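Grab a coffee and work through these exercises with the model open beside you. Try each task before you read its solution.

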Amino acid sequence: GYPSKPSGDRYCLPDFDWNPEQEEALKRAVLGDPSSSEAKLMVKTMEGVGAISRGEPLILGVGIFAILFCYSFFVILKLAPRFMYYALVVPMILSLTLTGLLLISTAFNLTGHQAKSPLFQLLPHEEAVGISVVLGVLFLIGVLCVICILVKMREATAVATDTISSACSCIFGMCQMIFYPLCAAVLKVALAVFFFTKFDLLVSAGTHAGSSIIIQGQKVYGFTRTFDYTPVQSYSMAYWAFGYYWVMQLISATGWFVTSYATLLWYFEPLGADKTKPSPRLPCIRGFFVGMVYHFGTLVLGSLLITLLRWPRVILGFIMNQVEAAEEGMSCCKCIGVLCGCCIACYDNNLEPFSRVAFIEVALRSESFLKAAQKSHEFIYESESSKIAALSGATAVFEVVGTLATCLTGGVVTYVLVTNVERYSSDTSPSYVADPQFTAVVAGYVCYQVSSVFMDVLDQCSETLLYAYMHSVGVGTWAAQAPDALRKLIGEPPPIQSPPVVVHKSGAYMGLSGVPSCAGGRNCS
């Protein structure tokens, strides 16, 4: 054995009389072999995971802050949507610009604070300089792209503010819809904690190897630890990660269905004498019950297809939009459009329909997911409901801006507190956080899970209101159901051929098939 002493309220270090060579050897042993990127990554990951347990109160506080921030976001959107839009967009653009300039200035040490940069603390000097320059340029390019997109979408943004206002009126018109995002956010965060804590068991199943150094004739172990995994263990971790992502998407799909169901119940309530909407009874509870009892398989399949096809849809959709937008003025783009005709047809028929809009059709007519995806796509883009196609997705800018603002604010606040509050920054404190960057990233991820639920409710409610309005126009019931805000926003389009809606004796709406749908509040057969 050898004498030891506590350090940082967590470690037990050898109690020797150190000389500079021994201190350098100890530092290399703790940090791992600089030539081994895998060892350094493993050490930093283990250090970051250990820091989370000491920053739990701070992360919990940031999660509560995200909930309050999102509720404030809803309230201000209801009262002044355009003010909230500019109040979020302008600071976000300024912060991204400032971050890009700071990265570039740090790369060339223009401010003299290069040594304090996390990149220069973790990486060799030349690599840190190169990465700082690249990241700074990417941030500035991203700012220019965001500005161009916002300028191009200024008309759609003006329309989206009115749509958001109508959606907020619907959300605040139902008491359960106000508290539903809170319950869903807590469930998501709880499941994320469960999956990550159980994932640690898979990580620890590998064969580990520790390093050692010899100090004053004593061999000291336990400074670093690496794991080696068999192919089966690696596949198990990949399967667990995919399962986590799928379960998160299933929770999101359930939320989309419940939001659409509750919104349809609210919309189909006839207007009162004062042109206001009465609140339906227990809309979210009824929607959750119907989804779990009658449409659970649809939710599972829909979440899986959306999970697998999301990024192909996003990438191909962006390419198709750019080609179609440029075809009118450039002959080369016309040639590209002709050559990519098969890809465009494949995207239109096989990828584009699989979005969360399909759950509106599921809630409206109790269709299976595949049929609902095709019908909703045809109703929006291939029928005469041109206005719903133009307005559909217009509120995405609020969803993106709200989510980014919540995540960035939560991550930055966490990093500032961890690096400046003595309780978390002092290595003699029991709550010392050794890796503030990792803790800030985890806090930002918690804020993302919270804000994504709130923004999904807002966006899905907006889409459902537009869909329900155009549907009611098709069946001739819009005059008794549509609130004034939607009439002013969309107007009175020509009638759309839509399956008639019949009221079942139980009160449930039925489509052409005669099967009771979810829009009436009870699903019976």
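**Exercise 1.** Which helices each supply at least two residues of the lining of the second largest cavity?

*Solution.* A quick note before we start: this is a predicted model, where local features need pLDDT of at least 70, side-chain atom pairs count only at pLDDT 80 or more, and totals for chains, interfaces and linings use all residues. Residues are numbered from 1 along each chain as its sequence is written, and side-chain values use heavy atoms, with hydrogens and water left out.

Step 1: get the terms straight. Helices are DSSP runs of H or I with at least four residues, and strands are runs of E with at least two, numbered from the N terminus. A cavity is a set of points, on a 1 Å grid over the protein atoms alone, where a 1.4 Å probe fits but cannot get out; lining residues have an atom within 4 Å of a point.

Step 2: list the lining, which is Y71, F74, I171, F172, M177, I178 and P181.

Step 3: match it to the helices. The answer is α3, α7 (154-172) and α8 (175-203), and α8 gives the most, with 3 residues.

**Exercise 2.** What is the volume of the second largest cavity, and how many nonpolar, polar and charged residues are in its lining?

*Solution.* Step 1: the volume, meaning the space filled by probe spheres set on the grid points (joined across faces, edges and corners), is about 30 Å³.

Step 2: sort the lining. Ala, Val, Leu, Ile, Met, Phe, Trp, Tyr, Cys and Pro count as nonpolar, Asp, Glu, Lys and Arg as charged, and the others, Gly among them, as polar. That gives 7 nonpolar, no polar and no charged residues.

**Exercise 3.** Is T163 buried or exposed?

*Solution.* Step 1: find T163 in helix α7.

Step 2: apply the cut-offs: buried is under 20% relative accessible area, exposed over 50%, partly exposed in between (1.4 Å probe, protein chains only). At 3%, T163 is buried.

Step 3: look across the chain. A485 is 322 residues away from T163 along the chain, yet their C-alpha atoms are separated by 8.3 Å.

**Exercise 4.** Why is α19 described as largely enclosed by the rest of the structure?

*Solution.* Step 1: check the helix itself. Helix α19 (residues 436-475) has 40 residues and spans 58 Å from first C-alpha to last, close to the expected 58 Å at 1.5 Å a residue; that expected span is 1.5 Å times one less than the number of residues.

Step 2: count burial. In α19, 33 of the 40 residues are buried, so the helix is largely enclosed.

Step 3: look just past the end, where G476 takes a positive phi of about 80°.

Note on methods
On a 1 Å grid over the protein atoms alone, a cavity is a set of points where a 1.4 Å probe fits but cannot get out, and a pocket is an open set with protein on both sides within 12 Å along at least five of seven lines; lining residues have an atom within 4 Å of a point.
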